[in-house]
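Reader: I would like a close look at one part of this model, with its surroundings explained step by step. Please start from a single residue and then work outward.

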Amino acid sequence: MPIPVTPIPADADLPAWLDALGTRFAAFELQGSGCLSYGIATPTGRRFVKTFRAEHDRLLRRALAVHAAVAHESIVAPLAAYRLRSGESVLVYPWLDGGVLYPADPRGAAVRTDPDGAMARFRALPVDRVEAALAAVLDAHVTVAAAGLVAVDFYDGCLLYDFAASRMHVVDMDEYRPGPFTLEADRLPGSTRFMAPEEFRRGAVIDERTTVFNLGRMLRLLLDAGDVEAAWRGTDRQSAVITRATAPRPEHRHATVAELAGAWRAATA
Ligand SMILES: Nc1ncnc2c1ncn2[C@@H]1O[C@H](COP(=O)(O)OP(=O)(O)OP(=O)(O)O)[C@@H](O)[C@H]1O
Ligand SMILES: [Mg+2]
């Protein structure tokens, strides 16, 4: 369902408008995107409020298009969208408890090996819990692919795990776009740990098989007890699925996300 963007007619500036929503209890101001986001306690519940300056309009439009096309229990959809007279925009999401596996942090990648951090805690879960979380992300992307979208900038910073509820959520799909498309830059945005070779090739076709690669990298990196791919927790069958999903040449991979999800399910049963 399309999400309407409500214009804010008053001359409110963004900080004042945010303060009127409720009390800020968290701030995300170190993100690579340059967007500033906040946890805000409102009278109707806690919200994750993401603000976009005018130069981020492309991201806002993409996020709205993605959530208009895709609905899935593991994908957090915005509750509302607003545009201020200043050109700034705001997306309001439900607040999710838990932690993003790779949060923006001054320590950089070291945050992933902090034993108290979400990533190390996730990697220490029983294997069946990890497998259930990974299956949810695969399933969400079957829906994404069925809607004709390809993942861009998918990485462990998009995965928020709720340890209390044992549930994985996919957040920040602001760079996802309709595919296939031809890459008209030297590379796509994203984490090199997750990216397919074609994402670094101007003129390359980016399609569902690129998403297959990204998801294959997720399976490899998250079903591992450590951060350097040296402590594999899975089976040889699962490993074989990953090898195929992350083949350098797209034509050697699973042809669709659904095919990957089916192969993984069979290997994991
Ligand atoms: N619904 C939510 N509930 C609680 N926290 C959230 C929610 N969505 C995102 N977050 C937190 O806010 C952080 C920033 O959100 P998001 O990834 O959407 O921002 P971004 O500006 O696009 O960042 P990036 O530069 O990594 O793309 C996330 O890493 C996560 O810690
Ligand atoms: Mg982002």
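Reader: What is the relative accessible area of glutamate 229, and does that make the residue buried, exposed or partly exposed?

Author: The model is a predicted one. In it, glutamate 229 has a relative accessible area of 34%. Buried means under 20% and exposed means over 50%, so glutamate 229 counts as partly exposed. This residue belongs to the loop between helix 5 (208-222) and helix 6. Its backbone deserves a look too: phi is positive, about 55°, although glutamate 229 is not a glycine. Most residues other than glycine have a negative phi.

Helix 6, at the end of that loop, is the next stop. It covers residues 236-245, and arginine 244 has its place there. With a relative accessible area of 38%, arginine 244 is partly exposed. Leaving out residues within four places in sequence, arginine 244 is in contact with His252, Arg253, His254 and Glu259. In the other direction along the chain, arginine 193 is 51 residues away from arginine 244, and their C-alpha atoms are separated by 17 Å.

One of the contacts of arginine 244, His254, can be followed further. Histidine 254 is in the loop between helix 6 and helix 7 (257-268). Its relative accessible area is 3%, so histidine 254 is buried. Again leaving out neighbours within four places, histidine 254 contacts Val241, Arg244 and Ala245, as well as Glu259, Leu260 and Ala263. Arg209 and Val212 are also in contact with histidine 254. Glu259 appears in the contact list of arginine 244 and in that of histidine 254.

Aspartate 172 can be set beside glutamate 229. Here too phi is positive in a residue other than glycine, with a value near 55°. Aspartate 172 is in the loop between strand 10 (167-170) and strand 11. At 32% relative accessibility, aspartate 172 counts as partly exposed. After strand 11 (177-178) comes another loop, which leads to strand 12 (181-182) and holds proline 180. The peptide bond from glycine 179 to proline 180 is cis, with omega near 0°. Most peptide bonds are trans.

Aspartate 172 also leads to the ligand. There are 15 residues around ligand 1, and those that come nearest are Gln31, Ser33, Lys50, Leu96 and Asp172. Oxygen atoms of ligand 1 take part in several short distances. A polar side-chain atom of serine 33 is 2.4 Å from one ligand oxygen. For lysine 50, an N or O atom of the side chain is 2.7 Å from an oxygen atom of ligand 1. Glycine 32 takes part through its backbone, with a polar atom 3.1 Å from a ligand oxygen. On its own, ligand 1 has 620 Å² of accessible area, and the protein covers 92% of it.

Leucine 30 is in the loop between strand 2 (23-28) and strand 3 (36-42). Its relative accessibility is 56%, so leucine 30 counts as exposed. Beyond residues up to four places away in sequence, leucine 30 touches Ala104 and Pro106. Arginine 220 is 190 residues away from leucine 30 in sequence, and the two C-alpha atoms are 27 Å apart.

The aromatic rings come last. The structure holds ten aromatic pairs. Phenylalanine 48 and tyrosine 93 make a tilted pair, 6.1 Å from centre to centre, with 50° between the planes. Phenylalanine 48 lies in strand 4 (residues 45-52) and tyrosine 93 in strand 6 (residues 89-94), so the pair ties together parts that are 45 residues apart in sequence. The two partners differ in exposure: phenylalanine 48, at 22%, counts as partly exposed, whereas tyrosine 93, at 8%, counts as buried. Another pair, tyrosine 161 with phenylalanine 163, is edge-to-face, with 4.9 Å between the centres and 85° between the planes. Tyrosine 161 and phenylalanine 163 are both buried.

Ring pairs also join Phe48 and Tyr93 with Phe25, Phe28 and Trp95 in a cluster. Charged side chains meet rings as well. The charged end of arginine 121 is over the ring of phenylalanine 163, 4.0 Å from its centre. Arginine 24 lies over the face of tyrosine 38, 4.6 Å from the ring centre.

Key
Residues are numbered from 1 along each chain as its sequence is written. Chains are lettered from A and ligands numbered from 1 in the order in which they are written. This is a predicted model: local features need pLDDT of at least 70, side-chain atom pairs count only at pLDDT 80 or more; totals for chains, interfaces and linings use all residues. Side-chain values use heavy atoms; hydrogens and water are left out. Helices (H or I, at least four residues) and strands (E, at least two) are DSSP runs, numbered from the N terminus. Buried means under 20% relative accessible area, exposed over 50%, partly exposed in between (1.4 Å probe, protein chains only). Contact means heavy atoms within 4.5 Å. Rings of Phe, Tyr and Trp (its six-membered ring) pair if their centres lie within 6.5 Å; planes under 30 degrees apart count as stacked, over 60 as edge-to-face and the rest as tilted. A charge sits over a ring if NZ of Lys or CZ of Arg is within 6 Å of the ring centre and within 35 degrees of the ring normal. A residue is near a molecule or strand if one of its heavy atoms lies within 4 Å of it. A polar contact is a pair of N or O atoms within 3.5 Å; within protein, one must be able to donate a hydrogen and the other to accept it, and residues adjacent in sequence count only if both atoms are side-chain atoms. Accessible areas come from the Shrake-Rupley method with a 1.4 Å probe; for residues, only the protein chains shown count as cover.
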